[in-house]
Amino acid sequence: MPPRKSNLNICDECKTDVGSEDKALVCCVCEKWFPINCQRVTLEDYKFLVKSDDSIQWYCKGCRGASLKLFKMLTLVSKRQDQLEDEVKKLNNGMKEFNNKMDTQSSEFHDLMKDVSEINKSTALRVQTAHLFSF
Ligand SMILES: [Zn+2]
Ligand SMILES: [Zn+2]
């Protein structure tokens, strides 16, 4: 926490003066002082925060709300990204299925062509035999 300012500050929330004697916390985002009663910070939390070094940061209600909004927005964006990835995956799977179908279809076609040529052969044979017997 930065050193306590000696001059008076006015709380953005309740518009009361925050004196150097008041139990107040400074927000790490807007760097304004807020009395703990206004921000509903418990005395224990306050003592803990005052004793703590800069590694522990405190956000005022307004900034907490803003960061929460940002957080929500970020989760929304990442959710959308997940959805997009899902769609891409689905699309890829669809393409794979399509390719597989094409493969089976072409092998079916291949089989069909084989059958046709077999039939042709046997028909040709029959025609030949028919010719043989006609003489
Ligand atoms: Zn206030
Ligand atoms: Zn703030």
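Buried residues make up 8% of the 135 residues in the protein. The model described here is a predicted one. The protein has 3 helices and 4 strands, and from the N terminus on these elements follow the order β-β-β-β-α-α-α. Among contacts with a separation of 6 or more, 41% join residues that lie 24 or more positions apart.

**The nonpolar core**

The largest nonpolar core consists of 9 residues: Val18, Ala24, Leu25, Val26, Trp33, Phe34, Ile36, Trp58 and Cys60. Two or more of these residues come from each of the elements β3 (24–26) and β4 (33–35). The greatest contribution is that of β3, which supplies 3 residues.

Trp58, one of the core residues, touches Leu25, Cys27, Cys28 and Leu49, when residues up to four places away in sequence are not counted. Leu25 is itself also listed in this core.

**The loop between α2 and α3**

Tyr59 is placed in the loop between α2 (43–51) and α3 (61–134). Is Tyr59 exposed, partly exposed or buried? Tyr59 counts as partly exposed, because 18 other C-beta atoms lie within 10 Å; a buried residue would need 20 or more, and an exposed one would have 12 or fewer. Leaving aside residues up to four places away in sequence, Tyr59 touches Cys27, Cys28, Val29, Arg64 and Ser67. Cys27 and Cys28 are likewise touched by Trp58.

Gln57 is found in the loop between α2 and α3 as well. Gln57 is exposed, because it has 12 other C-beta atoms within 10 Å.

Each of these two loop residues can be paired with a residue that is distant in sequence. The table gives both pairs, with the spatial distance taken from C-alpha to C-alpha.

| Pair | Separation in sequence | C-alpha to C-alpha distance |
|---|---|---|
| Tyr59 and Glu31 | 28 residues | 9.1 Å |
| Gln57 and Val26 | 31 residues | 9.0 Å |

Val26, the partner of Gln57 in the table, belongs to the largest nonpolar core.

**Two residues with positive phi**

Most residues other than glycine have a negative phi. Which value does phi take in Glu31? Phi of Glu31 is near 55°, a positive value in a residue other than glycine. Glu31 lies in the loop between β3 and β4. Glu31 counts as exposed because it has 11 C-beta neighbours inside 10 Å.

Arg40 likewise has a phi near 55°, which is positive although the residue is not glycine. The place of Arg40 is in the loop between α1 (36–39) and α2. With 8 C-beta neighbours inside 10 Å, Arg40 is therefore exposed.

**The annotated helical region**

The unreviewed UniProt entry annotates residues 81–108 as a "coiled-coil region". In the predicted model, what share of the chain over residues 81–108 is helix, and what share is strand? Over these residues the chain is 100% helix and 0% strand. The C-alpha atoms at the two ends of this stretch are 40 Å apart. The record thus supplies the name of the region, while the helix content is computed from the model.

Definitions and conventions
Residues are numbered from 1 along each chain as its sequence is written. Chains are lettered from A and ligands numbered from 1 in the order in which they are written. This is a predicted model: local features need pLDDT of at least 70, side-chain atom pairs count only at pLDDT 80 or more; totals for chains, interfaces and linings use all residues. UniProt positions are given in the numbering used here, feature names are shortened, and annotations may be inferred rather than shown by experiment. Two residues are in contact if their C-beta atoms, placed from the backbone, lie within 7 Å. A nonpolar core is a set of buried Ala, Val, Leu, Ile, Met, Phe, Trp, Tyr and Cys residues joined through C-beta atoms within 7 Å.
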